[in-house]
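Q: Could you take me for a close look at one part of this model, starting from a single histidine and working outward through what surrounds it? I would like the cut-offs behind each term along the way, please.

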Amino acid sequence: MTVMEQRGAYRPTPPPAWQPRTDPAPLLPDALPYRVLGTEAAAKADPELLRLLHAQLVRGRRYNAQATALTKQGRLAVYPSSTGQEACQVAAALVLEERDWLFPSYRDTLAVVARGVDPVEALTLLRGDWHTGYDPYAHRVAPLSTPLATQLPHAVGLAHAARLKGDDVVALALVGDGGTSEGDFHEAMNFAAVWQAPVVFLVQNNGFAISVPLDKQTAAPSLAHKAVGYGMPGRLVDGNDAAAVHEVLGDAVRHARAGGGPTLIEAVTYRMDAHTNADDATRYRGDAEVEAWRDHDPILLLERELTERGLLDEDGIRAARDDAEAMAADLRARMNQDPPLDPMDLFAHVYAQPTTQLLEQETQVQAELDAEAAGPEGAGR
Ligand SMILES: Cc1ncc(C[n+]2csc(CCOP(=O)(O)OP(=O)(O)O)c2C)c(N)n1
């Protein structure tokens, strides 16, 4: 038979033994972000939880405002505000058990504080005083990560290790929309799904990676859809609806704890302030866009639900604001004190076994400090 005759006889058949490995349908996110507030689902929400969320949102908003003010007074080097994203921040902290771990990015100071870290300690890194600034083990909160998405593989590693050891621990990792374009995001997703690690990824899609809008960042139908390619469920939630974020995160944490593996959640929200106090957001977005989000403010949505259902009155709102003011006053007072700093601390906790170069630098800095302490007389000797 000639080659041409063979070709004529060829009938395409599927590759042997091929079949879909997983049915993708159950992994797909809903078409629209899941909502609770203002819908029938709100009737099922626990009133106590809603009131707690409200108090924490009000506190969180005040914390963001105070920290931003501290940058203007030169007390903080930089602050990436999460104003507008408080529902994600607070829900992330509240869904975790004490034994669980939170892996935040630089934007997530509020989640760190809501988890119980001292508000001043949570700002130490941003003040430029100290690595991390708090003890990660005390509240099981990893350091605020400035390199994008590097916290994600760390979260997967911790979750996987906990599972191997038989510890009933879940890791929750926070990342921005821009962070999902990083290689670390891919590696974390893949390992998490292959190992079925007890980890939950919360993407706060706040619209921008500094000045880069989402549509210049990804061609995916939604960030939640990215989950399907890795073989884990993707969920899409209204990130300004605190009750919805709390519910979706809670489901994912329980799923992970029960051995069901990871979930990727995209919370659709908006960064109301500039990227940081050092950024001018008017250069890349218009007022109309920002104004449209004011009607979908997380505190507004929750207050409306609570007051319409008679679960919160003026006194309750005032109490939440008073509590937030007291927290802000304390933060202001303590941040205005100059902490005693030892420059030699810079060299501590960098490596378990310091490198030769680090030891050389340490000796050099110590010598400079000694010369300074000795004054002009000692300097020449
Ligand atoms: C690996 C890495 N690349 C670049 C940067 C510079 N950088 C800091 S913030 C940022 C944008 C991140 O946007 P997104 O992930 O959406 O988070 P958001 O700031 O909106 O919370 C970039 C590119 C960085 N910190 N780390």
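**From one histidine outward**

A: Happy to: His54 sits in helix H2, where helices (H or I, at least four residues) and strands (E, at least two) are DSSP runs numbered from the N terminus. The model is predicted, so local features need pLDDT of at least 70 and side-chain atom pairs count only at pLDDT 80 or more, while totals for chains, interfaces and linings use all residues. Residues are numbered from 1 along each chain as its sequence is written, and side-chain values use heavy atoms, with hydrogens and water left out.

His54 counts as buried because its relative accessibility is 2%; buried means under 20% relative accessible area, exposed over 50%, and partly exposed in between, with a 1.4 Å probe and protein chains only. Leaving aside residues up to four places away in sequence, His54 touches Leu302, Glu303, Leu306, Leu312, Ile317 and Ala320, a contact being heavy atoms within 4.5 Å.

Two of these partners, Ile317 and Ala320, lead straight to H13, where they are buried along with Ala324, Met327, Ala328, Leu331 and Met335. These buried residues are on the same side of H13 because they cover an arc of only 100° around the axis, the arc being that of the directions from the helix axis to the C-beta atoms. The background is simple: an α-helix has 3.6 residues a turn, so residues three or four places apart point the same way. The cover over the buried residues of H13 includes helix H2 (47-72), helix H5 (124-127) and helix H12 (298-308). Turned away from that buried side is a face with the exposed residues Glu314 and Asp315. H13 spans residues 314-335, 22 in number, and its first and last C-alpha atoms are 31 Å apart, close to the expected 32 Å; that expectation is 1.5 Å times one less than the number of residues.

Beyond H13, the loop to helix H14 (356-379) holds His349. This histidine has a positive phi near 60° without being a glycine, and it counts as exposed because its relative accessibility is 70%. Thr132, in the loop between H5 and H6, also has a positive phi, about 60°, and is not a glycine either. Thr132 counts as buried because its relative accessibility is 16%. For context, most residues other than glycine have a negative phi.

Another loop, between helix H6 (136-139) and helix H7 (151-165), contains Ser145. Ser145 is buried because its relative accessible area is 8%, and its contacts, not counting residues up to four places away in sequence, are Pro104, Ser105, Tyr106, Thr150 and Gln151. Gln151 in turn belongs to the buried set of H7, with Leu152, Ala155, Val156, Ala159, His160 and Ala162. They lie on the same side of H7 because their arc around the axis is only 170°. What covers them includes strand E1 (101-103), strand E2 (171-176), helix H8 (183-195) and strand E3 (199-205). On the other side of H7, His154, Leu164 and Lys165 are exposed, and Gly166, with a positive phi near 80°, follows the helix.

Tyr106, the contact of Ser145, brings us to the ligand. Of the 15 residues around the ligand, Tyr106, Arg107, Gly178, Gly179 and Phe208 come nearest, where a residue is near if one of its heavy atoms lies within 4 Å. A side-chain N or O atom of Arg107 is 2.8 Å from an oxygen atom of the ligand. For Gly179, a polar backbone atom is 2.8 Å from a ligand oxygen, and for Asp177 a backbone N or O atom is 3.3 Å from one. Taken alone, the ligand exposes 590 Å², and the protein buries 71% of that; such areas come from the Shrake-Rupley method with a 1.4 Å probe.

Stepping back, the protein chain comes to 14 helices and 7 strands, and 45% of its 381 residues are buried. Among its contacts between residues at least 6 apart in sequence, 76% join residues at least 24 apart.

Technical notes. Polar contact = N/O pair within 3.5 Å; in protein donor to acceptor, adjacent residues only side chain to side chain.
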